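Q: I have a new structure in front of me and would like to learn how to read it. Could we go through it together?

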Amino acid sequence: MKKGIGIGLLGLGVVGSGVAQVLLQKADFLERQAGSPLSLKRVLVRHPGKRRSLKIAPALLTTRAEDILQDPAVDIVVEVIGGESPAREYIREALQRGKSVVTANKEVMAKYGPELLSLAGEKGVFLHFEASVGGGIPLIAPFQRDIRANDIRGIHAIINGTCNYILTRMAREGAEFAEALKSAQELGYAEADPTNDIEGIDASYKLAILASLAFQMVVRPEDVYREGISRLALRDFKFARELGYAIRLLAIAKRDGDSVEVRVHPVLLPEDYLLAKVDGVFNAVQVEGDLFGKLLFYGQGAGALPTASAVVTDILAIAQKLRCAAPDSSRVSFDQQLRASSPWPRSGRATICG
Ligand SMILES: NC(=O)c1ccc[n+]([C@@H]2O[C@H](COP(=O)([O-])OP(=O)(O)OC[C@H]3O[C@@H](n4cnc5c(N)ncnc54)[C@H](OP(=O)(O)O)[C@@H]3O)[C@@H](O)[C@H]2O)c1
């Protein structure tokens, strides 16, 4: 058996830097966990000369994806570039070449997860994606393994920290939407182009992933009814408060017989609900199952180290499987009978949670 597991990192931005930092600074600790050394072989970037928060040997950097995808010393490819292309093509190629993959990419997993998972299965390698939903909160592994004895009845989730930060500021400080968005951008919580966050697109990708796992069916992002927060105004928060409600952008999946309803939109939540108390950039996912009743997962849904926690834990899980040549217990199979639907009309503002 070969000594050590070779890691190729695609991307050295917020998440990639966190992952590289953990791999380099916690090498001994991770070696004990994995049972063999994890060795960072190469890192793909666009701009090798860019100033970075992390000190990394320049020789590790490359702008040629093939230096990682075609390197026989790389066992696990970690994709933290983001976006659909070329991330999807790189993941496909890595799997085709018999490498396992860890990705934090919700867009690729929401749109192409089933085909990529099946390719990984065909090739006898592993595809893990814990960081794609909820950053540092363990969600994918619990859905794939820990709560599988349950019939999942529903998911109510706050899975976009940018929106939750904006809504919290509007409610708490009386900020108008534009002002709260600007402050989210200044703090690095929102992109220069915030469309994916504020229009609920990001949340719809994450909900598609969670619902697919929870109900073991293929839920596509386009199945999700979607309404963002950009049309909310300060007066909505005043009325909500007077009536004893908080406004949150919720991602909701509910099973109803042979179909599953999936939707993302602003919701009026009674102020004493746990989800109504989730403030700022935090994420929370409440799951209802026939055996455990209600479970709440809560924590940091983004950020370099919380997200690196999920990515590196995925690397460890794969490293252990590679060492033991274990079959993949986290493999997903989908129910072909179930249908996803979003039967809600476009309603305008927040909806009372039911
Ligand atoms: N940020 C978070 O807190 C967070 C949380 C959970 C999941 N995620 C997911 O993690 C992924 C990465 O997010 P991020 O925030 O780390 O992104 P980011 O800060 O924008 O970093 C992207 C990195 O990828 C590199 N890159 C981009 N396009 C490339 C290309 N075509 N070829 C080669 N390199 C390329 C960039 O290179 P340069 O540095 O040279 O420009 C940069 O290092 C995304 O899928 C995101 O949804 C992020």
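Q: Let me start with one residue: what stands opposite Val102 in β6?
A: Welcome! Keep in mind that this is a predicted model. In general, the strands of a sheet pair through backbone hydrogen bonds, either parallel or antiparallel. Here, Val102 has His128 of β6 opposite it.

Q: In which sense do β5 and β6 pair, and over how many bridges?
A: Strand β5, residues 100–103, pairs with β6 in the parallel sense, and two bridges join them.

Q: What is the order of the strands in the open sheet?
A: Reading across the six strands, you find β3-β2-β1-β4-β5-β6, with parallel pairing. The edges are formed by β3 (61–62) and β6 (127–128), each of which pairs on one side only.

Q: Which strands does α12 touch as it packs on the sheet?
A: Helix α12 touches β1 (5–10), β2 (38–44), β4 (76–79), β5 and β6. To read its direction, set it against β5: the two directions make about 165°.

Q: Where is Asp314, and is this residue buried or exposed?
A: Look in helix α12, which covers residues 304–324. To judge burial, count the C-beta atoms around a residue; 20 or more others within 10 Å make it buried. Asp314 has 25, so it is buried.

Q: Which residues does Asp314 touch, leaving aside those up to four places away in sequence?
A: Its contacts are Val102, His128 and Glu130. So you meet the facing pair again: Val102 and His128 stand opposite each other, and Asp314 touches both. Sequence distance can be read here too: Phe126 is 188 residues from Asp314 along the chain, yet their C-alpha atoms are separated by 9.9 Å.

Q: How many of the contacts in the whole chain link residues 24 or more positions apart?
A: Such pairs account for 75% of the contacts with a separation of 6 or more. The chain has 12 helices and 14 strands, and 48% of its 354 residues are buried.

Q: Why does the radius of gyration agree with a compact globule?
A: A compact globule of 354 residues would have a radius near 20 Å, and the chain has 20 Å, so the two agree. Along the principal axes, the C-alpha atoms fill a box of roughly 65 × 50 × 35 Å.

Q: Last one: which residues are closest to the ligand?
A: Of the 23 residues that surround the ligand, the closest are Gly11, Gly13, Gly82, Ala104 and Ala302. By type, the shell divides into 11 nonpolar, nine polar and three charged residues. Helix α1 (residues 14–25) gives the largest share, three residues.

Note on methods. Residues are numbered from 1 along each chain as its sequence is written. This is a predicted model: local features need pLDDT of at least 70, side-chain atom pairs count only at pLDDT 80 or more; totals for chains, interfaces and linings use all residues. Helices (H or I, at least four residues) and strands (E, at least two) are DSSP runs, numbered from the N terminus. A residue is buried if 20 or more other C-beta atoms lie within 10 Å of its own, exposed if 12 or fewer, and partly exposed in between; C-beta atoms are placed from the backbone. Two residues are in contact if their C-beta atoms, placed from the backbone, lie within 7 Å. The radius of gyration is taken over C-alpha atoms; the globule rule is 2.2 Å times the number of residues to the power 0.38. Two strands pair if DSSP finds at least two bridges between them. Axes are lines fitted to C-alpha atoms, for helices over the stretch in contact, and angles run from 0 to 180 degrees between N-to-C directions. A residue is near a molecule or strand if its C-beta atom, placed from the backbone, lies within 6 Å of it. Ala, Val, Leu, Ile, Met, Phe, Trp, Tyr, Cys and Pro count as nonpolar, Asp, Glu, Lys and Arg as charged, and the others, Gly among them, as polar.
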